[in-house]
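Please examine the sequence and the structure shown below. The report that follows treats a helix, a cavity, a buried residue and a set of charged pairs.

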Amino acid sequence: MPPARTSARLASLTAAFLLVGCASVGPDYQRPTMAVPGAWQGHAPAQAPDVLAHWWQLTGDEQLIALVDAALAGSPTLAAAEARLRAARAQWRAAGADLGPTIEASGGASRSRGSRETGSSGEARSLYQAGFDARWEADLFGANRRALEAAEASAEVSRYSLADVQASLVAEVVSNYVLYRSTGQRLSIARTNLEAQSETLQITDWRVQAGLSASLALEQARANRAQTAAQIPALETTLAGYANALAVLCGQAPGALTEALSVDRPMPSIPAQVALGIPADLLRQRADLREAERTLAAATARIGAAQAQRYPSVTLSGSLGFEALSFGALGGAESLTRSLAASIAATLFDGGRLVAQVDLQRANRDEALENYRQAVLVALQDVEDALVAVRNGERRVELLAVAAESARNAALLARHQFDAGVADYETVLDTERTRLSAEDSHASARAELATARIQLIKALGGGWVPDAWADPADDDMAGQIS
């Protein structure tokens, strides 16, 4: 058959297979609809602001901002998530390559001498070969296209998983920093009270020596001071733990940030006013929900890929090359070789293995759907719980501020009355203990409120930028599926 007619037939056959290959078996993915409330409990809907992406910068704390930047640049956990994203995108590109033909080039030279005993002339003979081989499996039922869809969705899963890791990392760094500063304030409160109690102990000792107070008052003062002093080592241990945690979050050895953090700074102010938006906004704002939705999309595509394995497959192969007995003749018209072949294969009996694979992928899809629904419900709960914690935390801080101020005033009055001989020493001890407890509770409540605000921002999807890890090649790859 002439080469022109062979090429025409090959082109026609290829086009026909391409047209058939546009159809893909299996279900087409549709984003599930979720029934979510129209508003948060007790809160009017408001448009969520873009500042959620970089919310920690609103604190104005330069050291905290630097720590978050260091964590984003040096965290091994974040780096591992980025590596997983690169791997998923590589798998996506590999899946896209299956849609096209495979073309290989080859060349060779050999020299042989036959045996005279077998009838050969016994002369040496050379053979030179060069050419191209092509192979293409027609994607008649969309197995490769569904596999590409699944790979694309899996790459998006890794992308949103990375975003979720970043959001969690930011929240963890800020939380540990807040707790570090809060513990430092509690330590300062304990030391301040210890100084006051040490002074009271000294005065009580003088009064006992002068016969103005009983020895019981001295022992009570000594016990009160020792109890306060005993809190300091525990607070110092907690403080060191938060410093070490921050160092590890930033990808550094424990203790690397101790000196930098030792400079006394106030606890950062976490943004109190955050526009909540509506509950439906969570479906796009929270990276973990996008991750769950893309997992469902990948599981749906794999159903079609498994179903396509039950249908026949058609493979086209061909070669074009040159073969000559001398290197100089290679490439001439007389040395041209060509071949074209088509094959079809189908599984007639496998004991139900392929059917079981389809059932398996359907079960995986159903599991992914329920996981997505559960993730949405948990996300709604996270926000509602954080809203309650913030609201009650604000009330608690206000009340404890009043209690701490009153306790300080009471301790001061009791001390003056004791010095004047109007009040007994038991009153002084009670007011000093109350002061320490009230001030410590107030500092702890402020930290709890800040933590609740951090959790609210994280629950709303703060801490990541949707297009931060977009790959310019993604659009080109996605075009192969449409």
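In this predicted model, helix H4 has 67 residues. From its first C-alpha to its last, H4 reaches 96 Å, which is close to the 99 Å expected at 1.5 Å a residue. After H4 comes Gly 211, which has a positive phi, near 80°.

**The cavity**

Empty space inside a protein can be located by calculation. Rolling a probe the size of a water molecule over the atoms shows where such space is left. In this model the count comes to 1 cavity of 30 Å³ or more. The space in the largest cavity is about 70 Å³. Two elements each give two or more residues to its lining, namely helix H4 (143–209) and helix H8 (287–308). The largest share of the lining, 3 residues, is supplied by H4. Among the lining residues are Asp 164, Ala 167 and Ser 168, together with Arg 286, Asp 288 and Trp 464. By character, the lining residues divide into 3 nonpolar, 3 polar and 4 charged.

**A buried leucine**

Leu 436 lies in helix H10, which comprises residues 425–459. Is Leu 436 buried or exposed? Its relative accessibility is 8%, and because buried means under 20%, Leu 436 counts as buried. Which residues is Leu 436 in contact with, leaving aside its neighbours within four places in sequence? They are Ile 189, Ala 190, Asn 193, Thr 228 and Gln 231. Of these, Ile 189 is 247 residues apart from Leu 436 along the chain, yet the C-alpha atoms of Leu 436 and Ile 189 are separated by 7.3 Å.

**Salt bridges**

Side chains of opposite charge can pair when their charged atoms come close. The count for this model comes to 21 salt bridges. Three of them are listed in the table.

| Salt bridge | Closest N to O distance |
|---|---|
| Arg 159 and Glu 156 | 3.4 Å |
| Asp 288 and Arg 286 | 2.8 Å |
| Arg 286 and Asp 382 | 3.4 Å |

The pair of Arg 159 and Glu 156 belongs to helix H4, where the two residues are 3 residues apart and are therefore separated by about one helical turn. Arg 159 counts as buried, because its relative accessibility is 9%. Glu 156 is also buried, with a relative accessible area of 14%.

Arg 286 takes part in two of the listed salt bridges, one with Asp 288 and one with Asp 382. The pair of Arg 286 and Asp 382 links distant parts of the chain, 96 residues apart. Arg 286 is in the loop between helix H7 (282–285) and H8, while Asp 382 is in helix H9, residues 353–419. How do the accessibilities of these residues stand? Arg 286 counts as buried at 8% relative accessibility. Asp 288, at 23%, counts as partly exposed, and Asp 382 is partly exposed as well, with a relative accessible area of 31%. Both Arg 286 and Asp 288 also line the largest cavity.

Elsewhere, salt bridges that share partners join Glu 405, Arg 408, Arg 435 and Glu 439 into one network.

Note on methods:
Residues numbered from 1 in each chain as written. Heavy atoms only, no water. 1 Å grid on protein atoms, 1.4 Å probe; cavity = no way out; pocket = protein on both sides within 12 Å on 5 of 7 lines; lining within 4 Å. Points joined across faces, edges and corners; volume = space filled by probe spheres on them. Helix = DSSP H or I, 4+ residues; strand = E, 2+ residues; numbered from the N terminus. Nonpolar A, V, L, I, M, F, W, Y, C, P; charged D, E, K, R; others polar. Expected span 1.5 Å × (residues − 1). Buried < 20%, exposed > 50% of the residue type's maximum accessible area, 1.4 Å probe, protein only. Contact = heavy atoms within 4.5 Å. Salt bridge = Lys/Arg side-chain N within 4 Å of Asp/Glu carboxyl O.
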